[in-house]
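Subject: Structure handover

Hello,

Here is the structure I promised to pass on. Please open it first, then read my notes below.

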Amino acid sequence: MDTFAETPDHHGAFPRLSDGQIGRLAPYGTRRPTRVGDVLVRQGEVCPEFFVILTGKVAGVDDEQVTWVHGPGRFLGELGLLTGLKSFLTSVVCEAGEVLAVPTWRLREIVARDCELGDLILRAYMVRRSLLIVQGRGLRIIGSRYSPGTRRLREFAARNRLPHRWIDLEEDGDAEALIRNLGITSDQTPIVIVGGTRVLRNPGNAELARAVGLPAPDMPESVVDLVIVGAGPAGLAAAVYGASEGLSTVVLDAVAVGGQAGTSSCIENYLGFPMGISGAELTERAFVQAEKFGASLGVPAEAASLEQRDGHYTIGLGEGRAVHGRTVIIATGARYRRLEVPDLEDFEGNGVYYAATLAEVGFCKGAPVVVVGGGNSAGQAAIFLSEHAASVRLLVREESLGQNMSHYLADRIENNPRVEVMLHTEVRKLVGTDGLEAVVAEDNQTGARTRLHTRAMFVLIGADPCTAWLAPSLALDDKGFVLTGFDDSLPLETSLPGVFAVGDVRSQSVKRVASAVGEGAMAVRLVHEHVVRAVPQPVG
């Protein structure tokens, strides 16, 4: 392996540290000689150290294939090193030399304190995660395209940005034969291979989460200051501000950190990012920031009930688990709305998608695609997909593109030659045998129908609030969103004192990332005010 050439740094994923930067790291680590064949990081295991290569070379290997090679001045790892995930690659020495090994907990301190060095490492790690996703490294999900379990696992992996590759049993005869030879029955599929060797048979989301090292929900028996339900932008903002101000803070989410914003390819109207920022990068930075201040985050942990007990609130999580808080911030957002089209479920995950990220691009690169929706999410998806697909048709049921979309985004779409806008148009039928092959669209003014050949349809038509678990505890509006701002209550306070609602789940909220972040931060200030109000005042 000593003949491997160093991987070029085309994407900013593999920066080389300067002597000064290595010097700032040196007091926190130890120098260690390396020999060819030494394994520094093993796939499927949590790495306790951050390695900087001083001399020699190290290769990242997955499934006996070299993914990348690092030389002097470069460092190992990817985003999971900061968030506690198990490694998706094995790092093995291919040219003897020396490394600087820094304990991971020390690295987190350095990232939080040294802005220049921390930003360099964090940015590189996020780009590396994206590269792993595009390359299909990491997990292997083996299952039929017709299996609901397969769709569930693929969605969970995509929403949590877990690098993975899906192997379809309907197309890969070798995979089907392997499963049969291993004695795995159809009811035990899909299977997931973790760390190259560990096999999970039809795992639940929670089992997969624990297998890859996603943070287990911390359910302290004592009552914490603040429980935040939902880890989208609003919930993460509340976590950062709450924990940074000394509140013992627990954050829970049923699916993934980031919410709907985490699936956005590019957020261009968020303050401070004139060139835009992907939803994944924004939420991953917020996740690291919240952990830095001591917030405890758990995924997946789905709230099932809200009860008031003995002066505090109890959030039931199923299986007898619960978390108790003096105050609660509800930031559960909304779930993607589905089209009312026959046989839709047959194509979900196999041609029909509810997010447009690098994970979905792998299924339709170079092919024509259809985007359904007239809001900002649909517009951002159309722009993003135009860079990867052969063509993009944007189907909008309204009469104008600007009716529900920001002006700047509508202008970009109208001036993009790779995006064709079809106004007052709705999907009526999906066509395909082994996957999506075409959609039948109808002009809702003339009734004329058009068959559009496509490999993928991205449905971004809004969402419904995730509030079923709250009824009848809280007052909701006629659409199921949480009502706030009652007489004698604080601005974001619900019908229960000390329970606040922020972001998309709140009735009449502005459905924008910046607004959600602002509400999350504001809610923490209101939590403090509620605590002051709740303390009995001395008489006389």
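One definition first: in the class counts, Ala, Val, Leu, Ile, Met, Phe, Trp, Tyr, Cys and Pro are nonpolar, Asp, Glu, Lys and Arg are charged, and the others, Gly among them, are polar. By that scheme, the lining of the second largest cavity has 11 nonpolar, 6 polar and 3 charged residues.

Two notes on the source. This is a predicted model, in which local features need pLDDT of at least 70 and side-chain atom pairs count only at pLDDT 80 or more, while totals for chains, interfaces and linings use all residues. Residues are numbered from 1 along each chain as its sequence is written, and side-chain values use heavy atoms, with hydrogens and water left out.

Cavities

A cavity is a set of points, on a 1 Å grid over the protein atoms alone, where a 1.4 Å probe fits but cannot get out; lining residues have an atom within 4 Å of a point. Grid points are joined across faces, edges and corners, and a volume is the space filled by probe spheres set on the points.

The structure holds 3 cavities of 30 Å³ or more. The largest has about 260 Å³ of space. It is lined by 16 residues, with Asn160, Leu214, Val257, Glu284 and Phe287 closest to its centre. Helix H9 gives the most to this lining, with 4 residues. Helices (H or I, at least four residues) and strands (E, at least two) are DSSP runs, numbered from the N terminus. By class, the lining of the largest cavity has 8 nonpolar, 4 polar and 4 charged residues.

The second largest cavity has about 230 Å³. Of its 20 lining residues, Val41, Gly77, Glu78, Ser87 and Ser91 are closest to the centre. Strand S3 (49-62), strand S4 (65-70) and helix H2 (80-83) each give two or more residues to the lining. S3 has the largest share, 4 residues.

Second largest pocket

A pocket is an open set of points with protein on both sides within 12 Å along at least five of seven lines. The second largest has a volume of about 390 Å³. Of its 14 lining residues, Val111, Ala112, Leu122, Val288 and Lys292 lie nearest the centre. Helices H3 (104-113), H4 (115-135) and H9 (279-292) each give two or more residues. H9 gives the most here too, with 5 residues. The lining of this pocket has 6 nonpolar, 2 polar and 6 charged residues.

Sheets

Two strands pair if DSSP finds at least two bridges between them. One open sheet has 4 strands in the order S7-S6-S8-S9, with mixed pairing. S7 (164-168) and S9 (198-201) stand at the edges with a single partner strand each, so one side of each has no neighbour in the sheet. S6 (139-143) and S8 (191-194) pair in the antiparallel sense over 3 bridges. There, isoleucine 142 stands opposite isoleucine 191 in S8.

Another open sheet has 3 strands in the order S21-S22-S23, with antiparallel pairing. Its edge strands are S21 (425-431) and S23 (449-453). S22 (438-443) and S23 are joined by 5 bridges. Glutamate 442 has arginine 449 as its bridge partner, and valine 439 stands opposite leucine 452. The hairpin of S22 and S23 has 5 residues between the strands, among them glycine 447, with a positive phi near 85°.

Regards
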